[in-house]
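Biologist: I am new to this structure and would like a close look at a single part of it. Please take me through that part slowly, in one connected answer.

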Amino acid sequence: LLKNGKVTDYEALMIDKEGSQTYCSITAKLVRDRHGNPVKIVGSLRNINERKRAEEQIHALTRELMKSQENERQRISRDLHDNVAQELSAVKIGFETLFDHQPAIPPEIRRRVSEMSRTLQESIKAVRDVSYDLRPPALDEMGLVQTIFQYCHDFSEDNGINVDFHSAGMKNLKLDFDTEINLYRLIQESLTNIKKHAGADHVTIRLVAAFPNIILRIEDNGKGFDVQKRLSTLSEEKRMGIRSMEQRAKLLQGKMEIQSKPMQGTKISITLPYKDNKSGS
Ligand SMILES: Nc1ncnc2c1ncn2[C@@H]1O[C@H](COP(=O)(O)OP(=O)(O)O)[C@@H](O)[C@H]1O
Ligand SMILES: [Mg+2]
């Protein structure tokens, strides 16, 4: 108030003598005399308990939604991997051994069966890829850093976009699963956007533990975009990528910043507080 001369919708938690708490929104102006000395404050104080409660409810709801989305993904991923892919593999082996010890089969039939077997192989790969995308199985086994490393490597190979991944100070952190999966999803969505929109050929990803924060930076050398302009039209267009990234960052009590200008690439920074797995949260 002293610095800017006014505050608008400043949120404060008021605690009275009995200890009961009220969230207030303060909008106020500082009035100065002719010499610039502050003489009085004019303003209003509004009880915003209801608004606060509604915000907390939305927050809790979003968290639950994202959790159940992850659970559902895990279920579908496991079904695809353990049932569909397994059965397709069994059929493929059946095809490959169908004519063993049967010299009288005409070459044309042999050719068609081996063609079907090849198509099956492609289906198996497609199912495995979808399953992998839905739920990175390595997260539990190899840990976050190694899983991201692998993901970036695969992404580079598949899309011809060079992805450099660096991490520092992460090895000894024990992150909870929520944090790990959200960091992974943030990278996944960023790389998807880069592939779809950026026209970049190089990406640098840094994941750094800098106590008390974890910092994730994703930078591409693509064509960039006018962030303010683009963000203001996202809702109408029902585009959810960037907004769901913001939600994820917020769920982890962090924040996300996008810096981009046309022709100058895009830089996304996400900062979250590090929570020790053991201390719970
Ligand atoms: N890395 C990027 N480079 C250039 N433009 C981007 C990048 N990431 C996002 N954008 C722009 O931001 C928009 C919103 O992204 P997003 O919310 O993920 O929606 P969608 O990917 O479905 O279009 C995109 O349509 C694109 O115009
Ligand atoms: Mg997107």
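Biologist: How many residues does H5 have, and what distance does it reach from its first C-alpha to its last? Please also describe the surroundings of ligand 1, to which H5 gives residues.

Modeller: Please keep in mind throughout that this is a predicted model. Helix H5, which covers residues 177–198, has 22 residues and reaches 30 Å from its first C-alpha to its last, a span close to the 32 Å expected at 1.5 Å a residue. Just after H5 comes Gly199, which takes a positive phi of about 65 degrees.

From the helix we can turn to the ligand. The shell around ligand 1 draws two or more residues from helix H5 and from helix H7, the latter covering residues 241–251, and H5 gives the most, with 6 residues. In total 15 residues surround ligand 1, and the closest are Asn193, His197, Arg230, Arg239 and Ile242. Sorted by character, the residues of this shell divide into 5 nonpolar, 5 polar and 5 charged.

Several of the closest residues can be followed down to single atoms. In the side chain of His197, an N or O atom is 2.7 Å from an oxygen atom of ligand 1, while a polar side-chain atom of Arg230 lies 2.9 Å from an oxygen atom of the ligand. With Ile242 the backbone is involved, since one of its backbone N or O atoms lies 2.8 Å from an oxygen atom of ligand 1. The protein covers 90% of the 530 Å² of accessible area that ligand 1 has on its own, and the space taken by the ligand is the second largest pocket.

Beyond the ligand, two details of the backbone deserve a careful look. Most residues other than glycine have a negative phi, and most peptide bonds are trans. Asp9, found in strand E1, which covers residues 6–15, has a positive phi, near 50 degrees, although it is a residue other than glycine. The other detail is a cis peptide bond that joins Phe211 and Pro212, with omega at about 5 degrees; Pro212 lies in the loop between strand E5, residues 202–210, and strand E6, residues 213–220.

Terms used
Residues are numbered from 1 along each chain as its sequence is written. Chains are lettered from A and ligands numbered from 1 in the order in which they are written. This is a predicted model: local features need pLDDT of at least 70, side-chain atom pairs count only at pLDDT 80 or more; totals for chains, interfaces and linings use all residues. Side-chain values use heavy atoms; hydrogens and water are left out. A residue is near a molecule or strand if one of its heavy atoms lies within 4 Å of it. A polar contact is a pair of N or O atoms within 3.5 Å; within protein, one must be able to donate a hydrogen and the other to accept it, and residues adjacent in sequence count only if both atoms are side-chain atoms. Accessible areas come from the Shrake-Rupley method with a 1.4 Å probe; for residues, only the protein chains shown count as cover. On a 1 Å grid over the protein atoms alone, a cavity is a set of points where a 1.4 Å probe fits but cannot get out, and a pocket is an open set with protein on both sides within 12 Å along at least five of seven lines; lining residues have an atom within 4 Å of a point. A molecule sits in a cavity or pocket if more than half of its atoms lie within 2 Å of its grid points. Helices (H or I, at least four residues) and strands (E, at least two) are DSSP runs, numbered from the N terminus. Ala, Val, Leu, Ile, Met, Phe, Trp, Tyr, Cys and Pro count as nonpolar, Asp, Glu, Lys and Arg as charged, and the others, Gly among them, as polar. The expected span of a helix is 1.5 Å times one less than its number of residues.
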